[in-house]
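Thanks for coming, everyone. Let me put the structure up, and then we'll walk through it piece by piece.

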Amino acid sequence: MAMMNMIQALNNALDEKLAQDPDVLTFGEDVGYFGGVFRVTDKLQEKHGLTRCFDTPISEGGIIAAAIGMGAYGLRPVAEIQFADYILPAFDQLVSEAARLRYRSNGEFWSPITVRSPYGGGIFGGQTHSQSPEAIFAHITGLKTVIPSNPYDAKGLLIAAIEDDDPVIVLEPKRIYNGPFDGRHDQALKTWAGHPKAEVPAGLYRIPLGQAEIVRAGREVTVLAYGTMVHVALAGIEEAEVDAELIDLRSIVPLDVDTIVASVRKTGRCVILHEASRFGGFGGELSALVQERCFDHLKAPVDRVAGWDTPYPHAFEWDYFPGPARLVKALRRVMEY
Amino acid sequence: MNPPRLELHVPTPFARPGEKASFKHLEIAQAGIVRRPEIACAEAEMRDLPYALIRVLDDDGNAVGPWDPSLNADHLRRGLRAMMLTRAFDERLFQAHRQGKTSFYMKSTGEEAIGAAPSLALAQGDMCFPTYRVMSWLHARGYPLVSMVNQIFSNEKDPLKGRQMPILFSARDYGFYSLSGNVGSRFGHAVGWAMASAYKNDDKIALAYIGEGATAEGDFHEALTFASVYRAPCILCVTNNQWAISSFSGIAGAEMTTFAAKALAYGLPGLRVDGNDFLAVTAATQWAAERARTNRGATLIEFFTYRACGHSTSDDPTKYRPADEAEHWPLGDPIARLKQHLILIGEWSEDQDQALANELHETVRAAVKEAEAVGTHGKSKPNVREMFEGVFKDPDWRVTEQRRELEI
């Protein structure tokens, strides 16, 4: 089995879907000949042809509008938005059009589009290359939002997203494209080499959207995370020396609420970890769901560890980024409550 | 000498309520004088056209000049019927709103040719990406009137299951894409749809409408950019009816240029067409369609027309423009002009016209009556389970749980 980093796994998913389904095509800014600024579409144009992997104007609204039109025709377009920070010009297209087309037309038209976008911090990208906008998409009825945390999942989730008949946003944590990152920024960079989740089989396989994974079983506290934060969570749990159960949500819409509830009912404690700023973040929804469904089992208030409620600050990357030390504090808070 | 002080310019229309309505500022050239370039003509060779006005019907009802599409009399009568049906339907449903039978309605008065002519000019399988006020597209293709009224009444038999406001139709089998209330946001879908058709080596093309007011939206420019870059086989139409609710076309930039001329910067052919002339609208659509089908890419067409009614049932145009402004519109009424032409060429008569008007009145009345029997707005609605259907292809637990919470 091949060892791949996340970029290679995503590239491999696209490559295999392009080969298997003539109605799949992919496009975006710098996506064609060059292969994308993060190389996710590397060599796909050369391999599959100019009309199947091509460059677009710098026009996120135009990219998503074109994708929706192609989807209405019957294609399965995969659009790349170069950074999730730049997705907002396309927000109206996603909210007012892609998310509602099926509903308002009573199923006459729908939007089987996939929107891939690198997201998240930890790369000194400042305000415009670091944001985590997942909560604003989760709030929009009709959109699905997927966030892989490793190469194996990235391939399986992207294939499932492309084959899904509803619009799916795949947010790719760019900090872990080349290797897992546990938030300890002063330590040597790791690659995916040797990581069990970097073993990516050839051939099409799917990870169903809405199926969380229990990354680490435990009895004392449930930690909910996705994307880069799964790796931060593992480090934090180890450091806090608690018997925590770590759940990688993998997709926030659809959300695997059953796995969350079963875990919290068992552990009686819950800590939610995400990079996005806290107020109005997806952690709020998770916290509410846990409170609504597990209240009688809770031994401590649900705790949230998240980015601060400031714009993403360039020079203060590591003051902002919720690393393992902050999770350790939260774990101790809920354990000592 | 002191330099001049800067002054902020805010466009204002020529006449407001109480003032004398006038369109004297418009230069309306005579019919038949604009050249019709060959289909293969390069865009660079026709940059005069966005500033001209393509007209076929002259003041007497003759079809003149190179843009005469030479339609047979049956086609013309079908067009007349579609436009007259649209108007009869509009009158009846507008009245139904006054009677509380629907929550909302919008008429197309004066703009009936803009939907009807392209609907009859394009092929089955082509796709229209509509704005509101092109219901004549559906009337021209025989969309069932009762279904239309059921949608407008949001009743139990509403084909869109009560999920969308009145007149924001979707009718895939009639080549009519899902309409919505955000202006402009489907313009780029037409381009993407057309790109998909080209990608599949299909022969289908797309046609999209946008109002002149909405050309200020980014969607318009994004769509034109994509259409130009990828030579998408589509026809992009600006319905310039002079008014965006209460804002006259100057607020959208009409003081300085034409909407057809927006095509120039994108390297697309731009046609400016008398939108109240069924023949001119047909001819321009056919010309652009032939270019699109032969890999010559997109055309931007400005249909120059006048919104002879209010914006919607929620609007009173006498609050911002002279009450009689419509009567001064120099390009007349599309129905009256086509009728005049048909009579002139001996293919129609006043008696036939009256008989058709009576028939359509009766047809609409019967359709409304049938829909009323199902129920009007608030008196009947689709099963409330429909509220939870179609959010996703397969419902997720939220929909299932919330439906249970509502005890349905």
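One definition before we start: two residues are in contact if their C-beta atoms, placed from the backbone, lie within 7 Å. And keep in mind that this is a predicted model.

Take B:Leu236 with that in hand. Which residues is B:Leu236 in contact with, leaving aside its neighbours within four places in sequence? There are B:Phe187 and B:Ala190. Then come B:Ala208, B:Ala223, B:Leu224 and B:Ala227. B:Ala298 and B:Leu300 complete the set.

Now the core. The largest nonpolar core holds 214 residues, and B:Cys234 and B:Leu236 touch the most other members. Where does this core lie with respect to domain 1 and domain 2 of chain A? Domain 1, residues 2-200, gives residues to the core, and domain 2, residues 213-336, does too, so the core lies between them.

Next, the contact between the chains. Chain A puts in 35 residues, and chain B puts in 35 residues. On the chain B side, two elements give two or more residues each: α5 (187-199) and α6 (218-229). Which one gives the most? α5(B) does, with ten residues. By class, that side of chain B has 15 nonpolar residues, 13 polar and seven charged.

Over to the sheet in chain A. Five strands form an open sheet, and the order is β9-β11-β10-β13-β14. Pairing is mixed. Why is one side of β9 and of β14 left without a neighbour in the sheet? β9 (213-216) and β14 (303-307) of chain A stand at the edges, and each has a single partner strand, so one side of each stays unpaired in the sheet. From one strand to the next, the twist averages 25 degrees.

Look at one pair in that sheet. Strand β13 of chain A, residues 270-277, runs parallel to β14(A), and five bridges join the two. Opposite A:Ala306 in β14(A) stands A:His274.

Last stop: A:Ala161. This residue lies in helix α7 of chain A, residues 151-163. Is A:Ala161 buried or exposed? The cut-off for buried is 20 or more other C-beta atoms within 10 Å. A:Ala161 has 30 such neighbours, so A:Ala161 counts as buried. Beyond four places in sequence, its contacts are A:Thr114, A:Val146, A:Val168, A:Val170 and A:Leu209. A:Ile207 is 46 residues away from A:Ala161 in sequence, and the two are 9.1 Å apart in space, C-alpha to C-alpha.

That's my tour. Over to you.

Technical notes
Residues numbered from 1 in each chain as written. Chains lettered and ligands numbered in written order. Predicted model: local features only at pLDDT ≥ 70, side-chain atom pairs only at ≥ 80, totals over all residues. Pairing = 2+ DSSP bridges. Helix = DSSP H or I, 4+ residues; strand = E, 2+ residues; numbered from the N terminus. Axes fitted to C-alpha atoms, helices over the stretch in contact; angles between N-to-C directions. Core = buried A, V, L, I, M, F, W, Y, C linked by C-beta atoms within 7 Å. Buried ≥ 20, exposed ≤ 12 C-beta atoms within 10 Å, placed from the backbone. Domains from an automatic or database assignment. Nonpolar A, V, L, I, M, F, W, Y, C, P; charged D, E, K, R; others polar.
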